[in-house]
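Here is a set of exercises to work through with the structure open beside you. Try each task before you read its solution.

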Amino acid sequence: MRPDLRLGYLVFEARRLPRWMAFCEHMLGLPAPVSNADGSLGWQLDEASQRLIVQEGGADDLAALGLECSSDDVLDRLVRSLRAAGVTVTAGDVALCAARRVKRLQRCVDPCGNVVELFTGLAPATVPFESAAFPEGFRTGELGLGHAVLVAHDIAAMESFYVDLLGFGVTERLATRVGPIDIRGVFLHCNQRHHSLALFDMPVRKRIHHFMLQAERLCDIGLAFERARRHKVPLSLELGQHPDPDGTFSFYGATPSGFDFEIGAGTQTIDPAGWETHHTDVTSTWGHKAKLRLQLKMAAGLIAQKVSGAPRQAKEQA
């Protein structure tokens, strides 16, 4: 059976569109973007018209998370579930649907203020996906677009939203310590992908920590790592591998907006039916050595959080 949900697209707000264009071309190896009526640019990763969407703005952060529903019936069911729980849901107008290149769209906001767009009917691309950097492309399809990791200072509320209202399952729980920083996280699945979303409580001043693209070939990860060095893309974590049941071989670097991207391969799938939640205290079995840039960023975030006395997102919602 086709899963009810999958991560369909990510929308970012960025101050420097030209830098994103260069990043997507030279680092991610993507073809030229499509231009949308609202001024946003959309990049193709597979047979869909766009998966990464960037619009101009000052936030340099996540603007919306697109979750593709397998049918209109699933979309309607989720809308009813959200409204029954008191969540405001609004239908996307013609202009927004055109900009996202979808047939139907319903918008709501999660407990941390992230815009969630439930949709059906993502338009196909007009040309096949081709990339010299990733000649066999990315693993998407029924698994959806890689994954996104959100910063969540109230993990319980966020987990309740995505699990109880949208039907995600809990794949794994993380409790670890990196230097002076305690990190708590939960990995959520909505199909056979180990996680399409993850929620991390950590001192980062962004809504999104990183997004991940899964390449089909392991060798493409090494080539992408060398490409990042050649184009002087700031790295966050060196090459490494996450532990089972994920198993992804990957590295992390910085996007032009300051949050991270991950390029990986070899990710294992799970069987959601009867899945029992795993617990772990490690993020990597080997590698993924933190660069000085990341260490300083985390330290600055921890200091800012202690000085302010409250998470940024809590302040925004007050």
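## Exercise 1: The largest pocket

Strand E10 contributes five residues to the lining of the largest pocket, the most of any element. Keep in mind that this is a predicted model.

**Task.** Describe the largest pocket: what is its volume, which residues are closest to its centre, and which elements give two or more residues to its lining?

**Solution.**
- Step 1. Begin with the volume: the largest pocket holds about 780 Å³ of space.
- Step 2. Look towards the centre. The lining has 36 residues, and those closest to the centre are Val178, Ile183, Met202, Leu237 and Thr283.
- Step 3. Turn to the elements. Two or more lining residues come from each of strands E9 (147-151), E10 (169-178), E11 (181-189) and E13 (208-214), and from helix H6 (292-308).
- Step 4. Sort the lining by class: 17 residues are nonpolar, 14 are polar and five are charged.

## Exercise 2: The second largest pocket

**Task.** Find the second largest pocket and say which helix gives the largest share of its lining.

**Solution.**
- Step 1. The volume here is about 230 Å³.
- Step 2. Of the 14 lining residues, Phe23, Lys232, Val233, Pro234 and Pro256 are the closest to the centre.
- Step 3. Helix H1 (residues 17-27) provides the largest share of this lining, with five residues.
- Step 4. By class, seven of the lining residues are nonpolar, five are polar and two are charged.

## Exercise 3: The sheet of 10 strands

**Task.** Trace the open sheet of 10 strands, name its edge strands, and find the helices that pack on it.

**Solution.**
- Step 1. Follow the order E17-E10-E11-E12-E9-E13-E16-E15-E14-E18, in which the pairing is mixed.
- Step 2. Check the ends: strands E17 (278-280) and E18 (286-287) are the edges, each pairing on one side only.
- Step 3. Take one pair as an example. Nine bridges link E10 and E11 in the antiparallel sense, and arginine 177 has aspartate 182 in E11 as its bridge partner.
- Step 4. Add the helices. H1 lies across E13, strand E15 (249-254) and strand E16 (260-265), at about 15° to E16. Helix H5 (residues 219-230) touches strand E14 (235-241), E15 and E16, and its direction makes about 160° with that of E14.

## Exercise 4: The sheet of eight strands

**Task.** Do the same for the open sheet of eight strands: what is its order, and which strands are its edges?

**Solution.**
- Step 1. The order is E2-E3-E4-E1-E5-E8-E7-E6, again an open sheet with mixed pairing.
- Step 2. Strands E2 (34-35) and E6 (90-91) are at the edges and pair on one side only.
- Step 3. For a parallel example, see strand E1 (residues 5-14) and strand E4 (residues 52-56), which are joined by five bridges. Valine 11 is paired there with isoleucine 53 of E4.
- Step 4. Helix H2 (residues 72-84) lies across E1, strand E5 (61-69), strand E7 (104-109) and strand E8 (115-120), and runs at about 25° to E7.

## Exercise 5: Backbone exceptions

**Task.** Decide whether lysine 232 and histidine 288 are buried or exposed, and find the cis peptide bond that leads to proline 245.

**Solution.**
- Step 1. Start from the usual case: most residues other than glycine have a negative phi, and most peptide bonds are trans.
- Step 2. Lysine 232, in the loop between H5 and E14, has a positive phi of about 55°. Its relative accessible area is 71%, so lysine 232 is exposed, the cut-off being over 50%.
- Step 3. Histidine 288, in the loop between E18 and H6, also has a positive phi of about 55°. Its relative accessibility is 7%, so histidine 288 is buried, the cut-off being under 20%.
- Step 4. The bond from aspartate 244 to proline 245 is cis, with omega near 10°; proline 245 sits in the loop between E14 and E15.

## Exercise 6: The surroundings of serine 250

**Task.** Say where serine 250 lies and which residues it contacts beyond its neighbours within four places in sequence.

**Solution.**
- Step 1. Serine 250 belongs to strand E15.
- Step 2. With a relative accessible area of 0%, serine 250 is buried.
- Step 3. Its contacts beyond those neighbours are Ile221, Glu238, Leu239, Gly240, His242, Glu262, Ile263, Gly264 and His288.

Key:
Residues numbered from 1 in each chain as written. Predicted model: local features only at pLDDT ≥ 70, side-chain atom pairs only at ≥ 80, totals over all residues. Heavy atoms only, no water. 1 Å grid on protein atoms, 1.4 Å probe; cavity = no way out; pocket = protein on both sides within 12 Å on 5 of 7 lines; lining within 4 Å. Points joined across faces, edges and corners; volume = space filled by probe spheres on them. Nonpolar A, V, L, I, M, F, W, Y, C, P; charged D, E, K, R; others polar. Pairing = 2+ DSSP bridges. Contact = heavy atoms within 4.5 Å. Axes fitted to C-alpha atoms, helices over the stretch in contact; angles between N-to-C directions. Buried < 20%, exposed > 50% of the residue type's maximum accessible area, 1.4 Å probe, protein only.
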